[in-house]
Amino acid sequence: LNIPAADLEPVIKPNDILSISVSSLNPEASEVFNKPNISTNVFSPDITATTTRSNGYLVSLEGFIQFPILGNMMVAGLTKKELKDQLTKALISKKLLVDPIVDVRYLNFRVSIMGEVAKPMVVTVPSEKISLLEALALAGDLTIYARRDNVMLIREENGKRIIKRLDLNSSSILTSPYFYLKSNDIVYAEPNKSKVGSTRQVMAWLPVIFSFLSFAIIVADRYYQ
């Protein structure tokens with residue numbers, strides 16, 4: 001099944017961290033464009049659970065990055081491809097490089113998995129592409145108490161938080177525009193009625209249990225005096 005590419009390509013936002021590499025037939029001329037302005041630790045929750053140090057460009061709150069020679073560039077609202085094309089054209093038009101090859105990647109592409117999963121976690125995605133099912137699998141899958149027909153996806157679009165409820169029991173999930181996650185998505189697996197009911201029963205009994213324990217402590221204290 002094919003998902004439209006437009007649904008997979010997120011736009012760059014303030015506080016994103018971008019890796020931008022530039023190469024050409026002249027390595028010395030390209031070197032100046034490969035000196036980003038920050039270093040960041042990127043955690044990858046794989047089997048080895050390694051942390052690597054990567055260089056990147058932090059997008060300012062106003063949406064700019066400071067790129068060598070080209071200076072301040074507005075990048076917020078662009079896709080990676082649009083930024084790549086913009087940089088390529090600028091380098092050629094200003095005659096800074098001949099036939100430059102520009103690669104743009106996210107260093108902070110991550111999604112959060114919460115609720116009724118075995119291991120709630122924040123997943124860093126080096127490949128920048130992950131499906132809802134893959135993310136849930138990394139979190140140890142849904143517990144027996146999770147509602148599979150009402151998994152909540154929280155996403156920011158056009159500066160607004162939207163909430164989508166997805167039914168994992170339906171085959172339509174495979175063609176949903178929300179099947180593939182975007183950076184900073186939050187997936188929340190809601191508990192089913194049996195879990196909610198048992199939790200309420202426990203909460204109802206807590207005052208009784210605490211009262212009994214307090215009484216037992218008082219009796220024991222007087223007995224041993």
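## Overall fold

Residues 24 or more positions apart account for 58% of the chain's contacts with a separation of 6 or more. The model is predicted. Its chain holds 4 helices and 11 strands.

Of the 225 residues, 37% count as buried. The chain exposes about 13900 Å². Carbon and sulfur atoms supply 57% of that area.

## The five-stranded sheet

One open sheet has 5 strands. Their order is β8-β7-β11-β9-β10, and the pairing is mixed. β8 and β10 are the edge strands, each pairing on one side only. From one strand to the next, the twist averages 20°. In general, strands of a sheet pair through backbone hydrogen bonds, either parallel or antiparallel.

At the β8 edge, strand β7 (residues 110-115) runs antiparallel to strand β8 (residues 121-124). The two are joined by 4 bridges. A hairpin of 5 residues connects β7 to β8. Valine 111 has valine 123 in β8 as its bridge partner.

At the β10 edge, strand β9 (residues 146-157) and β10 also run antiparallel, joined by 7 bridges. Here glutamate 157 stands opposite lysine 160 in β10.

## The nonpolar core

Nonpolar side chains tend to be buried together in soluble globular proteins. In this model, the largest nonpolar core has 46 residues. Ile20, Phe67, Leu83 and Ile113 have the most contacts inside it. Helix α2 gives the core its largest share, 4 residues.

What does leucine 83 touch, leaving out residues up to four places away in sequence? Its contacts are Ile12, Leu18, Ile20, Val75, Leu78 and Val104. Leu83 and Ile20 both appear among the core residues with the most contacts, and they also touch each other.

## Salt bridges

Side chains of opposite charge can pair when their charged atoms come close. The count here is 5 salt bridges. Three of them are described below, starting with a pair inside one helix.

Lysine 81 forms a salt bridge with aspartate 85, with the closest N and O atoms 3.0 Å apart. Both residues lie in helix α2 (residues 80-93). They are 4 residues apart, about one turn of the helix. Lysine 81 has a relative accessible area of 57%, so it is exposed. Aspartate 85, at 32%, is partly exposed.

Aspartate 149 pairs with arginine 147 in another salt bridge. The closest N and O atoms are 3.3 Å apart. Aspartate 149 counts as partly exposed because its relative accessibility is 38%. Arginine 147 is also partly exposed, at 32%.

## A bridge between strands

Which side chain meets arginine 165 in a salt bridge? The partner is glutamate 190, at 2.8 Å from N to O. Arginine 165 lies in strand β10 (residues 160-166), and glutamate 190 lies in strand β11 (residues 186-191), so the pair ties together parts that are 25 residues apart in sequence.

Are these two side chains buried or partly exposed? Arginine 165 is partly exposed, with a relative accessibility of 47%. Glutamate 190 has a relative accessibility of 15%, so it counts as buried. The cut-off for buried is under 20%.

How values were computed
Residues are numbered from 1 along each chain as its sequence is written. This is a predicted model: local features need pLDDT of at least 70, side-chain atom pairs count only at pLDDT 80 or more; totals for chains, interfaces and linings use all residues. Side-chain values use heavy atoms; hydrogens and water are left out. A salt bridge is a side-chain nitrogen of Lys or Arg within 4 Å of a carboxyl oxygen of Asp or Glu. Buried means under 20% relative accessible area, exposed over 50%, partly exposed in between (1.4 Å probe, protein chains only). Two strands pair if DSSP finds at least two bridges between them. A nonpolar core is a set of buried Ala, Val, Leu, Ile, Met, Phe, Trp, Tyr and Cys residues joined through side-chain atoms within 4.5 Å. Contact means heavy atoms within 4.5 Å. Accessible areas come from the Shrake-Rupley method with a 1.4 Å probe; for residues, only the protein chains shown count as cover. Axes are lines fitted to C-alpha atoms, for helices over the stretch in contact, and angles run from 0 to 180 degrees between N-to-C directions.
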